[in-house]
Protein chains: 2
Amino acid sequence: MLRIKSDYCCDLSEELEELFKALSNVNRLLLIYKMTSGEVEKVTVTQLARMMGLTQPAASQHLKILKTAKILSAEKRGNYIYYTFNKTQMINHKEKIDFLFGCVLSKCNKIEKGKKAPKHH
Amino acid sequence: MLRIKSDYCCDLSEELEELFKALSNVNRLLLIYKMTSGEVEKVTVTQLARMMGLTQPAASQHLKILKTAKILSAEKRGNYIYYTFNKTQMINHKEKIDFLFGCVLSKCNKIEKGKKAPKHH
DNA sequence: AAAGTATATAAGTATATTCTTATATACTTA
DNA sequence: TAAGTATATAAGAATATACTTATATACTTT
């Protein structure tokens with residue numbers, strides 16, 4: 001049982017490492033926020049480059065990272081490639097993060113309780 | 001109004017970048033999970049090094065990163081420094097992440113609705 | 001088919017990350 | 001006080017990240 005949980009956390013840690021790496025860049029985070037605002041909903045490389053003051057290859061590389069991490073999906077239409085959120089995977093990602101923080105915060109609560117009513121010894 | 005939200009996201013992005021950087025390492029994530037399990041609740045550098053198969057300086061550096069990112073707090077007692085979760089800040093961190101994913105997922109829902117009932121033109 | 005536009009990839013550079021080994025600092029105990 | 005233990009820091013090496021410029025690929029339009 002503990003073994004299973006331990007294995008699970010090991011896999012989860014590797015998955016979260018990749019997710020957090022993709023998210024740990026201010027340009028990519030700003031892009032995500034821009035994509036949630038009214039202004040844009042699907043974004044092309046050229047748009048992104050202009051919006052963020054990046055060169056076209058830099059923008060392309062950022063989008064590739066977000067796509068590899070399954071944060072965005074790419075859909076080619078004609079001359080353009082439109083990037084949008086990968087909703088299914090984002091829900092997935094969120095669940096993993098919630099699990100992590102759930103573990104941490106419930107542990108915090110347990111510790112707090114232990115302090116208020118310390119064990120006899 | 002939009003300007004304010006934009007500024008807010010800019011600050012938030014920088015804060016989240018730091019948080020996600022601290023979390024984007026498999027050893028640090030595994031450490032966090034270990035600290036949520038029954039086994040440990042406060043951890044010393046030496047314990048961590050042994051648990052994770054790291055050298056003492058490597059462990060010390062990881063803990064410093066987690067402390068700087070306000071994920072852990074350090075409490076010196078005698079010869080040891082005990083690291084524990086920084087509950088208040090973890091709640092804070094969680095709120096920021098929830099805001100990010102909240103923005104993304106509500107945008108996803110809006111797009112989905114727009115597709116089901118497309119605008120007349 | 002040729003020219004133009006959008007995107008991706010390659011290769012190089014500067015910087016950041018993660019480890020290593022060596023050493024310094026702080027505290028405890030004999 | 002000296003020796004032992006715990007931790008932090010410094011300095012260096014290997015690798016990863018984020019950009020740059022140059023070029024390749026894919027599609028569209030004339």
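The paragraphs below walk through a predicted model of two protein chains and two DNA strands, from the pairing of the chains to the surfaces near the DNA. Because the model is predicted, local features need pLDDT of at least 70 and side-chain atom pairs count only at pLDDT 80 or more, while totals for chains, interfaces and linings use all residues. Residues are numbered from 1 along each chain as its sequence is written, and chains are lettered from A and ligands numbered from 1 in the order in which they are written.

Let's start with how the two protein chains relate. Two copies of a chain are related by a rotation about an axis and a shift along it. Here a turn of 180 degrees with a shift of 0.0 Å along the axis lays chain B on chain A with an RMSD of 0.0 Å (a least-squares superposition on the C-alpha atoms of residues with pLDDT of at least 70 in both copies). The two copies are thus related as by a two-fold rotation axis. In chain B, the residue that comes closest to that axis is F20(B), with its C-alpha at 2.6 Å. The same surface serves both copies, as 100% of the contact residues of chain B recur in chain A; residues are in contact if their C-beta atoms, placed from the backbone, lie within 7 Å.

The contact itself takes 32 residues from chain A and 32 residues from chain B. On the chain B side, α1 (2–23), α2 (26–36) and α5 (87–116) each supply at least two residues. Helices here are DSSP runs of H or I with at least four residues, strands are runs of E with at least two, and both are numbered from the N terminus. The largest share of this side, twelve residues, comes from α5(B). By class, the side has 21 nonpolar, four polar and seven charged residues, where Ala, Val, Leu, Ile, Met, Phe, Trp, Tyr, Cys and Pro count as nonpolar, Asp, Glu, Lys and Arg as charged, and the others, Gly among them, as polar.

Next, a look inside chain A. The axes of helix α2 (residues 26–36) and helix α4 (residues 56–68) of chain A come within 11 Å and cross at roughly 75 degrees (axes are lines fitted to C-alpha atoms, for helices over the stretch in contact, with angles from 0 to 180 degrees between N-to-C directions). That makes α2(A) roughly perpendicular to α4(A), a label for angles of 65 to 115 degrees; under 35 counts as roughly parallel, over 145 as roughly antiparallel and the rest as oblique. N27(A), R28(A) and L31(A) of α2(A) make the contact with H62(A), I65(A) and L66(A) of α4(A).

Strand β1 (residues 72–77) of chain A pairs with β2(A) in the antiparallel sense over six bridges; strands pair if DSSP finds at least two bridges between them. R77(A) has Y80(A) as its bridge partner. The two strands form a hairpin with two residues between them, and G78(A) in the turn has a positive phi of about 60 degrees.

That turn leads us to the DNA. Around strand D there are 24 residues, the closest being P57(A), G78(A), T44(B), T46(B) and P57(B), where near means a C-beta atom, placed from the backbone, within 6 Å. α4(B) gives the most to this surface, with six residues. Around DNA strand C, T44(A), T46(A), P57(A), P57(B) and G78(B) come nearest, and α4(A) gives the most, with six residues.
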